[in-house]
Amino acid sequence: MSKNPRTIHQSFSTATIIISMSIIILLSSALYYGFSQVSKANALTSTKEVINQVNYRLSGYISTIIEIGDFTKNLNYISDKKDATNKLNTIINS
C-alpha cells in the first residue's frame, strides 16, 4: 500500500508548521525573559537614583533647618535687625 503524494505533502507541511511554531514560541520566551531581566535592572537603578536624590535634598533641607535654628538662637545677640534679616535670607536662598 503506497501513500498518496498529497498525504505525504500534508504531513510534511504539518510537521514544518509544528516545528516553526515551536521555534517561534522558544524564541519568544527567550526574548521575553531577557527583556524582563533588563526591565527589572532598569527599575532597580531608577529606584536607587530616586532614593539618592531624595536623600541628598532631604540632607540639604535638614542642614538649612539646623542653620536657621542656630541663627534664631543667636538672634538675641544681634543688635542690627536688618543685618539679621540679610543673614537669614542668605541662609534660606543658599
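## Exercises on a two-helix chain

The protein chain exposes about 8,500 Å², and 64% of it is supplied by carbon and sulfur atoms (Shrake-Rupley method with a 1.4 Å probe; for residues, only the protein chains shown count as cover). This is a predicted model, where local features need pLDDT of at least 70 and side-chain atom pairs count only at pLDDT 80 or more, while totals for chains, interfaces and linings use all residues. Residues are numbered from 1 along each chain as its sequence is written, and side-chain values use heavy atoms, with hydrogens and water left out.

**Exercise 1.** Find the secondary structure of the chain and place I65 and L88 in it.

*Solution.*
- Step 1: the chain has two helices and zero strands (DSSP runs numbered from the N terminus: helices are H or I, at least four residues; strands are E, at least two).
- Step 2: I65 sits in helix α1, residues 5-73.
- Step 3: L88 belongs to helix α2, residues 81-93.

**Exercise 2.** Work out how L88 is covered and what it touches.

*Solution.*
- Step 1: L88 has a relative accessible area of 27%, so it counts as partly exposed (buried means under 20%, exposed over 50%, partly exposed in between; 1.4 Å probe, protein chains only).
- Step 2: leaving aside neighbours within four places in sequence, L88 is in contact with I68 and F71 (heavy atoms within 4.5 Å).
- Step 3: the C-alpha atoms of L88 and I68 are 7.2 Å apart, although 20 residues separate them along the chain.

**Exercise 3.** Classify I65, then look at burial in the whole chain.

*Solution.*
- Step 1: I65 is partly exposed because its relative accessible area is 42%.
- Step 2: of the 94 residues in the chain, 5% are buried.
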